[in-house]
Amino acid sequence: RIVFDSPCKTYAELEFALTTGVHLNVDNIQELQRVSDLIESKKIEPKGTIGVRINPLVGSGTIAALSVSTGKSKFGIPCPSEGEERDSLIHEILKCEWISGIHVHTGSGGYGLKQLCHGVRVAVDFCLEINKRCGFQKISVLDIGGGLSVSYKSDEVSPTFAEYAAELKRVAPEIFDKNTFKRIITEFGAALHAKFGWLASRVEYTKAYDGGRIALIHAGSDIFFTRLLLPENICTPSCVCFQF
């Protein structure tokens with residue numbers, strides 16, 4: 001299943017998502033209004049489910065650049081534990097009968113299990129409050145994102161998915177209850193492929209330099225941009241060359 005998360009969606013992209021059945025996560029209030037306008041003006045009956053991304057405000061992890069749960073985060077709608085801002089967000093969601101999901105992504109690395117699960121707990125409590133206010137199970141889909149940390153400097157897989165699941169069962173047992181949520185979505189990236197993924201490229205050119213050689217391949221900073229952004233935290237991929 002395709003999940004469309006981009007925080008900067010165009011009208012055309014939103015209309016395509018609404019009419020093709022992908023799961024759409026709305027990033028902000030302006031985008032929520034844009035989706036509402038499209039549905040009303042073009043008489044669209046969404047073929048997929050629609051969620052709203054919240055910022056759980058659980059603070060920064062150990063890698064500031066990958067932390068998206070602070071008050072200054074550019075992703076999602078801030079979701080304080082109480083107050084006018086929270087009530088206003090709930091009001092906006094209740095106005096849209098086509099919203100059936102909540103999305104949270106605490107961070108993209110640098111968060112421990114406790115903090116990641118805290119973010120999920122915030123999202124679960126928000127879902128339960130919405131359902132309580134409207135008197136039925138309006139929010140039946142919860143997207144808990146990804147963000148499980150990866151140990152780049154060793155072959156050890158830590159934390160494991162089993163450890164994450166165990167902590168989630170302790171902190172947010174509702175996500176394992178079919179009577180609370182009909183569907184749970186995850187968006188793991190690096191935790192899935194960092195230890196097992198590989199990339200193949202043809203060597204297009206070679207250069208001689210001071211005592212060595214350089215191989216020019218079709219994989220560079222456009223693919224390994226996180227390594228360039230955070231060289232202290234993300235290790236360089238290993239390279240092996242073969243001659244065919």
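Reader: I am looking at Leu-216. Is this residue buried, exposed or partly exposed?

Author: Leu-216 is partly exposed, with a relative accessible area of 32%. Keep in mind that we are reading a predicted model. The label follows from the cut-offs: buried is under 20%, exposed is over 50%, and partly exposed lies in between.

Reader: Where in the fold does Leu-216 sit?

Author: Look for strand S9; that is the place of Leu-216.

Reader: Which residues make a nonpolar surface patch with Leu-216?

Author: Its partners are Tyr-205, Tyr-209 and Ile-214, and the patch they make with Leu-216 covers about 400 Å². Two elements each give two or more residues to this patch: strand S8, residues 203–209, and strand S9, residues 212–217.

Reader: Let's turn to charges. How many salt bridges are there in the whole structure?

Author: A search finds ten. To read one, look for a side-chain nitrogen of Lys or Arg within 4 Å of a carboxyl oxygen of Asp or Glu. A good example is Arg-86 with Glu-129, where the N to O distance is 2.8 Å.

Reader: Why can we say that this pair ties together parts that are apart in sequence?

Author: Arg-86 belongs to helix H3 (residues 84–95) and Glu-129 to helix H4 (residues 113–134), so their bridge ties together parts 43 residues apart in sequence. The two ends also differ in cover: Arg-86 is buried at 6% relative accessible area, while Glu-129 is partly exposed at 22%.

Reader: Which residues are linked with Arg-86 and Glu-129 in a network of salt bridges?

Author: Asp-87 and Arg-133 are linked with them in that network.

Reader: What about Arg-121 and Glu-174: how do their side chains meet?

Author: They meet in a salt bridge as well, with 2.9 Å from N to O. Arg-121 lies in helix H4, whereas Glu-174 is in the loop between helix H5 (161–171) and strand S7 (183–185), so this pair ties together parts 53 residues apart in sequence. Arg-121 is buried, with a relative accessible area of 17%.

Reader: Could we finish with Glu-204? Which residue does its side chain meet in a salt bridge?

Author: The partner is Arg-202, at 2.7 Å from N to O. Try the cut-offs here too. Glu-204 has a relative accessible area of 33%, so the label is partly exposed. Arg-202 has 55%, which is over 50%, so Arg-202 counts as exposed.

Methods:
Residues numbered from 1 in each chain as written. Predicted model: local features only at pLDDT ≥ 70, side-chain atom pairs only at ≥ 80, totals over all residues. Heavy atoms only, no water. Patch = residues over 30% accessible without salt bridge, like charges linked within 9 Å, V, L, I, M, F, W, Y side chains within 5 Å. Areas by Shrake-Rupley, 256 points an atom, 1.4 Å probe, with all protein chains shown as cover. Helix = DSSP H or I, 4+ residues; strand = E, 2+ residues; numbered from the N terminus. Buried < 20%, exposed > 50% of the residue type's maximum accessible area, 1.4 Å probe, protein only.
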